[in-house]
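Colleague: I'm new to this one and would like a close look at the places where the ligands sit. Could you walk me through them, and then through whatever else helps me find my way around?

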Amino acid sequence: MDYKNLIEKAVATQSLERGEIAALLSCDAAGAALLGCAADDVRKKNVGDGVYLRGLIEFSSYCRQNCMYCGLRRDNKKAARYRLDAQQIIEFAAKARDYGYKTVVLQSGEDCFFDADKICAVIKEIKKLDLTITLSIGEKTFEEYQAYKLAGADRYLLRIETTDKKLYEELDPGMSWDNRVRCLGDLKKLGYEVGSGSLAGLPGQTFESIAGDILFFKENNFDMIGIGPFIPHPETPLGNAGTSGNFETALKVMAVVRLLMPDINIPATTAMETLHPQGRLLALQNGANVVMPNVTEGDYRKFYELYPGKICTGESPAQCRYCIEAKINSIGRSVALVKGFRGDFKRGETGCAVNAHVASAGGSCGF
Ligand code: SAH
Ligand code: SF4
């Protein structure tokens, strides 16, 4: 298979057929290097060298769902469950603002304790801090999504996880794929910036199926796409699955998504760093432009265990903030001190500090 031709086509047209994407995802290391380089070029031209930071607050580890891959699933009786109270969430957000974050992401399991009124009250308080708010709290009704939006929420993250409906319904018992699609549609209608994404390396998942995920992202024109390598959690039914190849696949998926959706936001996910010590930097060099450092404090960090081996569970938010900036600078990129909406770079809102020119000098791989 001539990967170079496929990559050239993707760069020139921002579109590939399903079979072509699947072929590209199966490329060898040399193909992956070429793909990553092309994605890095497209990233630089369309979203620049700045990296957007989002401060992640994991406010509840209770979940009513039972996703087979996730350590927070309700049947995991060994999971440590906690929920922060409203005041703590607002305090963590205020500290995030003091560390220079412009956005906070409020994430949790699907915890019914936090009804719409409670979430809206928290949103309203955090908005007073002039922070952009992203929610990642699962499937809700149209009315609930509407209430959060009216209270001031700006963005919502809800991964489709996989577009293989049969696989989805096997892995997410009691959940319906159609309802997840309904949620994503409602969020768009309500004017959120919508992030979706999928897991890479799920048992039973094929490159064809992942190619379908990528086409789904493009068809729906999502504003942000998060790709997580699947990491088996021992206290789940998928605990014995391996992780072989998941990191490499996730990296390729990010790169292909960047080629087909040049101006969107793509996070270098934390799960990447669990599988590889330089995982987030490699993601940033393969198409990603966002990092979501943890701003949750104390033991809660380790209790919020979607997958094992989570990084930085012993660090403080301040340590994470400075560590990530040093890492970002080490690859010639810089933290962009703006809210980081899709299109900000093209609108001239770069927020980039001094060393942006370092990366601008290099980086063409001939496409
Ligand atoms: N409950 C919300 C948000 C928290 S879960 C929701 O499900 O949308 C956030 C993400 O964690 C999920 O979308 C899933 O893709 C990811 N995740 C769960 N278990 C994982 C695992 N074992 N490995 C990697 N990512 C995982
Ligand atoms: Fe709950 Fe989200 Fe984990 Fe599913 S992925 S069990 S909804 S926290």
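Modeller: One bit of vocabulary to start with: a residue counts as near a molecule if one of its heavy atoms lies within 4 Å of it. Also keep in mind that what you're looking at is a predicted model.

Let's begin with ligand 2. The residues around it are Cys 63, Gln 65, Cys 67, Cys 70, Arg 73 and Gly 109. Sorted by class, that shell has three nonpolar residues, two polar ones and one charged one. Don't be thrown by the labels: Cys goes in with the nonpolar residues here, while Gly is put with the polar ones.

Now for ligand 1, which is surrounded by 17 residues. The closest of them are Tyr 69, Ser 108, Arg 159, Glu 161 and Ile 231. Ten residues of this shell are nonpolar, four are polar and three are charged.

Which side chains have polar atoms by an oxygen atom of ligand 1? Take Glu 161, where a polar side-chain atom is 2.6 Å from such an oxygen. For Arg 159, an N or O atom of the side chain is 2.8 Å from an oxygen atom of the ligand. Arg 180 joins in too, with a polar side-chain atom 3.5 Å from a ligand oxygen. As for how covered the ligand is, on its own ligand 1 would expose 540 Å², and the protein buries 92% of that.

Moving on from the ligands, have a look at the empty spaces. Searching the whole structure turns up six cavities of 30 Å³ or more. The second largest has a volume of about 60 Å³. Its lining includes Arg 54, Val 105, Thr 134, Asp 223 and Met 292. Two elements, strand 5 (155–157) and strand 6 (193–200), each give two or more residues to that lining. The largest share, three residues, comes from strand 6. By class, the lining is made up of five nonpolar, two polar and four charged residues.

Last stop: a little sheet. It's an open one with three strands, in the order 8-1-9, and the pairing is parallel. Strand 8 (290–291) and strand 9 (334–335) are the edge strands, each pairing on one side only. Zoom in on strand 1 (residues 50–53) and you'll find two bridges joining it to strand 8. If you want one pair to click on, try Leu 53, whose bridge partner in strand 8 is Val 291.

Terms used: Residues numbered from 1 in each chain as written. Chains lettered and ligands numbered in written order. Predicted model: local features only at pLDDT ≥ 70, side-chain atom pairs only at ≥ 80, totals over all residues. Heavy atoms only, no water. Polar contact = N/O pair within 3.5 Å; in protein donor to acceptor, adjacent residues only side chain to side chain. Areas by Shrake-Rupley, 256 points an atom, 1.4 Å probe, with all protein chains shown as cover. Pairing = 2+ DSSP bridges. Helix = DSSP H or I, 4+ residues; strand = E, 2+ residues; numbered from the N terminus. 1 Å grid on protein atoms, 1.4 Å probe; cavity = no way out; pocket = protein on both sides within 12 Å on 5 of 7 lines; lining within 4 Å. Points joined across faces, edges and corners; volume = space filled by probe spheres on them.
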